[in-house]
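This briefing introduces one protein structure to a reader who has not met it before. Please keep the sequence and the structure in view while reading.

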Amino acid sequence: MIKAVSDFIFMDDIELSDTDALYENNADKVSDIIFVPGDSHPHSSERAAILWKAGLAPKILISGNYGMKNGTFVGIQAKANIYNGDYSSEVELMTDVLLKNGVDESCILTEGEARHTKENALFSRKICDENGVFPRKAIICCKSFHARRCFMSYALAFPDTKLFVSSVNVYDITKDNWYTFEYGIHRVMGEVKRCGEYYEREIVQRYASDLYDSPQEVTNGR
């Protein structure tokens with residue numbers, strides 16, 4: 001069971017190495033854009049900067065206002081000694097992380113309204129359309145235990161795009177240890193639950209709405 005959950009939730013397609021070999025080792029994954037969903041940790045944006053500098057994509061699109069659970073931006077959750085701005089949103093923090101890690105401002109696209117992962121993806125699609133970006137390939141940089149839900153969300157928004165994931169570990173949660181402590185179990189199994197909750201309604205509405213007696217049943221995913 002543990003392996004099944006681990007293999008489903010955790011995704012990582014990019015082979016990391018020193019910068020000189022990063023492009024060569026991932027030549028088949030060179031993409032049109034890097035997506036970074038909203039995050040109060042800097043790690044995903046740092047990873048995006050590494051991939052951008054290695055030439056794996058010419059643009060980075062960051063998305064996020066604040067999480068729905070908190071109703072406001074909670075502030076940076078790690079490396080506040082490095083990223084010490086007065087941030088009022090996730091996208092402000094993520095922009096600063098990218099700039100401080102050497103990404104050219106002209107290569108950054110921003111979306112500042114999204115409050116959850118599905119909105120990150122759908123609102124990013126709108127930004128891409130408005131800027132004439134129609135990616136054939138794209139890389140998603142995100143937390144490791146958040147990878148599957150991110151992948152599903154961006155696959156929904158970009159059905160014709162080949163997606164890759166480059167994930168980073170936070171909270172000391174990894175594919176190999178999440179089931180050994182309470183918080184790891186809580187976060188990972190919470191993602192399993194959310195993957196179902198997020199997309200049951202989508203599947204019903206797209207493929208099986210005729211099986212339900214009323215619009216309310218479809219909305220509730222029953």
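In this predicted model, N65 counts as buried because its relative accessibility is 16%, and the cut-off for buried is under 20%. The points below begin with the surroundings of N65, then turn to strand β1 (33-36), the nonpolar cores and the largest pocket.

**N65 and its surroundings**

- N65 is placed in a loop, the one that runs between β2 (60-63) and α4 (90-100).
- When neighbours within four places in sequence are left aside, the contacts of N65 are F73, S89, E90, G112, E113 and A114.

**Strand β1 and its partners**

- The side chains of a regular strand alternate between the two faces of the sheet.
- In β1, I33 and F35 point one way, while I34 and V36 point the other way.
- All four of these β1 residues, I33, I34, F35 and V36, are buried.
- β1 and β2 run parallel and are joined by three bridges; within this pairing, V36 has I62 of β2 as its bridge partner.
- β1 also pairs with β4 (137-143) in the parallel sense, over three bridges, and F35 stands opposite I140 in β4.

**The nonpolar cores**

- The largest nonpolar core holds 22 residues, of which I34, V36, L51, I60, I62, L98 and I139 touch the most other members.
- Two or more residues of this core come from each of β1, α3 (43-53), β2, α4 and β4.
- Among the contributors, α3 gives the largest share of this core, with four residues.
- Another core, of 19 residues, lies apart from the largest one, and its members include A121, A147, A157 and F158.
- Not counting residues up to four places away in sequence, I60 touches I33, I34, V36, A48, A49, W52, L98, V103, C107, I108 and L109.

**The largest pocket**

- Empty space is revealed by rolling a probe the size of a water molecule over the atoms.
- The volume of the largest pocket is about 940 Å³.
- Its lining is made up of 33 residues, and those closest to the pocket centre are G67, K69, N70, R149 and R187.
- By type, the lining of the largest pocket divides into 13 polar, 11 charged and nine nonpolar residues.
- At least two residues of the lining are supplied by each of α5 (117-130) and α7 (182-208).
- The most is given by α7, which provides nine residues of the lining of the largest pocket.

Methods: Residues numbered from 1 in each chain as written. Predicted model: local features only at pLDDT ≥ 70, side-chain atom pairs only at ≥ 80, totals over all residues. Heavy atoms only, no water. Buried < 20%, exposed > 50% of the residue type's maximum accessible area, 1.4 Å probe, protein only. Contact = heavy atoms within 4.5 Å. Core = buried A, V, L, I, M, F, W, Y, C linked by side-chain atoms within 4.5 Å. 1 Å grid on protein atoms, 1.4 Å probe; cavity = no way out; pocket = protein on both sides within 12 Å on 5 of 7 lines; lining within 4 Å. Points joined across faces, edges and corners; volume = space filled by probe spheres on them. Nonpolar A, V, L, I, M, F, W, Y, C, P; charged D, E, K, R; others polar. Pairing = 2+ DSSP bridges.
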